[in-house]
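Reader: Could you walk me through a few of the terms used for this model?
Author: Happily; here it is.

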Amino acid sequence: MAGNRTLEQVHTIAELAKLDLSDLSPKCQCLYFGSDLNAADMVLMEVENSILKSLEEGKSIIIRGEKSDSAVLCLDDKTYDIKEAETSNTLLMLPDCSTPESFEDGKKQIINRYVTGVAKSYYEVKKMIPRLRKLRTLLEECPYNGEMYEEDAEGNRYTMDHILDTVQASETETREELRKLRACCVNGFWRMLHFDYECQVLSHILSLIEENSWTFHKIPLRETLSTLENLEPRAILEHCLDCFADRLERREDDEEDEIFYCLNEDTVCQLFAEMLLRPAEKFNFAEFLLSWQQSVPEGMTTGLHQLQGVALIDKSSKPEVIFHFPLSSTPEHEADRFNFLFKTRERWTQEEIHPYIGDLVTEKLSEGALLMKYCRASAGVNGITVYNSKRPIK
């Protein structure tokens, strides 16, 4: 190309800059700016090794978010926040560039490099907690209430593809949240079961266990489905077993094609607690404990640990009361979450607040660090540490 620098010109420039020619690499790279720089068509992103490895392996890197959302970057199992970072230095983009480590001693020569883009900013990515609350919001638009009500059901229904396009989380994180929400796929659409319907299906299963004098530690899947399929779809029955029971490993004395389940005591007892608490604004705590234990299947034992993330006990009230307070009712973002919690209750012990902030913990932000950031600690009754808000409650 006409106008390219010669080796003599490079040496002259180096001498004018008072550089020792012996310090120069044997190969000198000269940069040239073309007239067709594509800066507007290029975006620079600084990524961590796991993202780079995924790109090198040909895996999908997806940017998710609706127009009103700030964009996030998703791998198969991780979610990253994307932020634009400005720099005072001009960033040059070249198709090829050599580093000093790649040079070998030898004859001095000039290599011409052509700049194809210029940028004043780049994007940074930072691992984040996936934004999954929207998933519950979507599924609550049209909960599944049984086959007989499907024709009259109103509200949008969502396929997995639509969910992945809308919810700002990786596919692995989204599927795990669907499991936590006890959602199932019905005719190609992901649906949450209506709470009353979910209780109805579980009630059918519990009644069958009682009628056959089965132990809840070993429930035969095949007989359960064949007996109850006239009441509920087989897929819904098996889904409820997957939600409220654990599939047992096959033993040598089991029939070859038989599958057994063991009811999960904590999950079942928690559902019965919600049955009692949802209709009531507040419930006398002592009466609740009695009613709760009487309502669960025979052989199961209720415990306060089963109420974590579901209900709060007001010990300052006389008599003590309990009320429904699910984690899903709290805001998703940490500052709003703490404001909401302290608006609900002025002081919390760590044991009380833990179920409501555990999902905000990350690799770099522990629960203790969260409490230090938003709370002021003081000694409460019997020396137990209590936390109140550092910030004015909005």
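Author: Let's begin with pairing: two strands pair if DSSP finds at least two bridges between them. Strands (E, at least two residues) and helices (H or I, at least four) are DSSP runs, numbered from the N terminus. This is a predicted model, where local features need pLDDT of at least 70, side-chain atom pairs count only at pLDDT 80 or more, and totals for chains, interfaces and linings use all residues. Residues are numbered from 1 along each chain as its sequence is written, and side-chain values use heavy atoms, with hydrogens and water left out.

Reader: What makes β3 and β4 a pair?
Author: Three bridges join β3 to β4 (residues 72-74), in the antiparallel sense. At least two are required, so β3 and β4 count as paired. I62, for instance, has C74 in β4 as its bridge partner.

Reader: Why is β3 called an edge strand?
Author: The open sheet runs β2-β7-β5-β4-β3, with mixed pairing. Both β2 (45-46) and β3 (62-64) are edge strands because each pairs on one side only.

Reader: Why is R182 called buried or exposed?
Author: Buried means under 20% relative accessible area, exposed over 50%, and partly exposed in between (1.4 Å probe, protein chains only). R182 has 18%, so R182 is buried. R182 sits in the loop between α5 (171-180) and β8 (183-186).

Reader: And what makes S213 buried or exposed?
Author: S213 has 66% relative accessibility, so S213 counts as exposed. S213 lies in the loop between α6 (195-211) and β10 (219-220).
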